[in-house]
Amino acid sequence: MRDMALGQYYPSDSILHVLDPRVKFIGTLVYICALFVVDGPFGYAFCAAFLFMMIVLSRVPFRLILKSLQPIIFIMIITMLFNVFLTPGEVLWKWSIFKITREGIVLAVRMGIRLMLLVSGSSIMTLTTTPNALTDGMENLFGFLTYIKVPVHEIAMMMSIALRFIPILMEETDKIRMAQIARGADFEGGNFLKRMRNMIPLLVPLFVSAFRRANDLALAMEARCYHGGEGRTQMKPLHYQKHDFIAYLVILGFLAVCILLGVKRL
C-alpha cells in the first residue's frame, strides 16, 4: 500500500512539470473525452502512443504509472467479466445460463483498454502537479461559477486536501496493519467473512486516526484565520507562458486527430 501512486507528486524539472496547471487539467479532460471518441485499434494505438510520449516528457518512472493501475484492477476485471457474459451476440461458448459472445469479448477488451489509458493519463496530471497548484488551477478555471453562488474555492480546497491525505492514510494503514500483526492479528487466514471480521482491528484505529487528523487540520486552518476563498489572494498568481500556448496547440491537434479517427470508424 505504501507503493500506491494515487495522489502522489513526483518532483522533477520536466516540460510537463513547468506547464501551467490549467493546461494540464484541460489536457487531461480532453484526453479522457478523446478515449470515448475513438473506437478501434488505430484510435487506441494513437491514444496509447500519445500517452507514452507524455510519460517520456514528464520523466516520471514507468513503475509509478503501473502502480497507479493497482486500485482499478478489481474494478476492471469485474467490468470485463460483465461485458463478456452479458453482451448479446454471436455465441462462442455456453454453459447453463452463462455464455460468451464474440461481441462481449470485443467490448470487454475495449473497456479494459479505456480504463487503463484513462487512469494512466489522469495519474500523469497528479504526478506532475502539486496539490496547491492543482487547487489554484481549478479555482481559476471555474471561477466564473462563483457568479451563480457555486463555492468553487471550497470545492477545490476539498479536492486538494483529499489528494494530499491519500498517501498519508495509506502509510497510516500500513503502520496500523503491521502493529496489529505484531499483536497476533491474522488478516489473511479463514474464509471471506472471517477476513472481513478480522479487518475491524484495522479499520477502527484508521478511522480514529483520520478523524483526529481532520480535526487537527481544521484547528490549524482556524488558527490561521481561514474563512474561505472570499478576499484571498495567491502567493504565486498563475500566468500563461509561451510553452503553455504551444501545449494548447498540441492538445487541439491531438483532439482533431482523435475526432478524425472516430469519424472514419463510423
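## Surface and overall build

Let's start on the outside: the chain exposes about 16900 Å², and carbon and sulfur atoms supply 69% of that area. Keep in mind that this is a predicted model. As for what is tucked away, 33% of the chain's 266 residues count as buried. Measured out along its principal axes, the C-alpha trace spans about 65 × 60 × 40 Å.

The chain is built from eleven helices and two strands. Walk along the sequence and you meet them in the order α-α-α-α-α-β-β-α-α-α-α-α-α. Take the contacts between residues at least 6 apart in sequence: 72% of them join residues at least 24 apart. The charges can be summed up too, with 27 positive and 18 negative ones whose mean positions sit 5 Å apart.

## Helix α2

Helix α2 covers residues 21-37. With 17 residues at 1.5 Å a residue, α2 should span 24 Å, and its end C-alpha atoms are indeed 24 Å apart, so the two values agree.

A good many α2 residues are hidden from the surface. The buried ones are P21, R22, V23, K24, F25, G27, T28, V30, Y31, A34 and L35. R22 turns up again at the start of the helix, where its backbone nitrogen has a side-chain oxygen of D20 within 2.8 Å.

## L57 and its partners

Next stop is L57, which you'll find in helix α3, residues 41-58. L57 has a relative accessibility of 32%, so it counts as partly exposed, since that class runs from 20% to 50%.

What does L57 touch? Leaving out residues up to four places away in sequence, L57 is in contact with S14, I15 and L16. There's also H17 to look at: H17 and L57 are 40 residues apart along the chain, yet 9.3 Å separates their C-alpha atoms.

## Two loop residues with positive phi

Two residues in loops are worth a look for their backbone angles. One is R59, in the loop between α3 and α4, where α4 is residues 62-67. R59 isn't a glycine, but its phi is positive, at about 60°.

The other is K149, in the loop that links α7 (131-141) and α8 (152-182). K149 also has a positive phi without being a glycine, with a value near 65°. Is K149 buried or exposed? Its relative accessible area is 75%, so K149 is exposed, the cut-off for that being over 50%.

Terms used. Residues numbered from 1 in each chain as written. Predicted model: local features only at pLDDT ≥ 70, side-chain atom pairs only at ≥ 80, totals over all residues. Heavy atoms only, no water. Helix = DSSP H or I, 4+ residues; strand = E, 2+ residues; numbered from the N terminus. Buried < 20%, exposed > 50% of the residue type's maximum accessible area, 1.4 Å probe, protein only. Contact = heavy atoms within 4.5 Å. Areas by Shrake-Rupley, 256 points an atom, 1.4 Å probe, with all protein chains shown as cover. Lys, Arg positive; Asp, Glu negative; His and termini not counted. Charge placed at Lys NZ, Arg CZ, Asp CG, Glu CD. Expected span 1.5 Å × (residues − 1). Polar contact = N/O pair within 3.5 Å; in protein donor to acceptor, adjacent residues only side chain to side chain.
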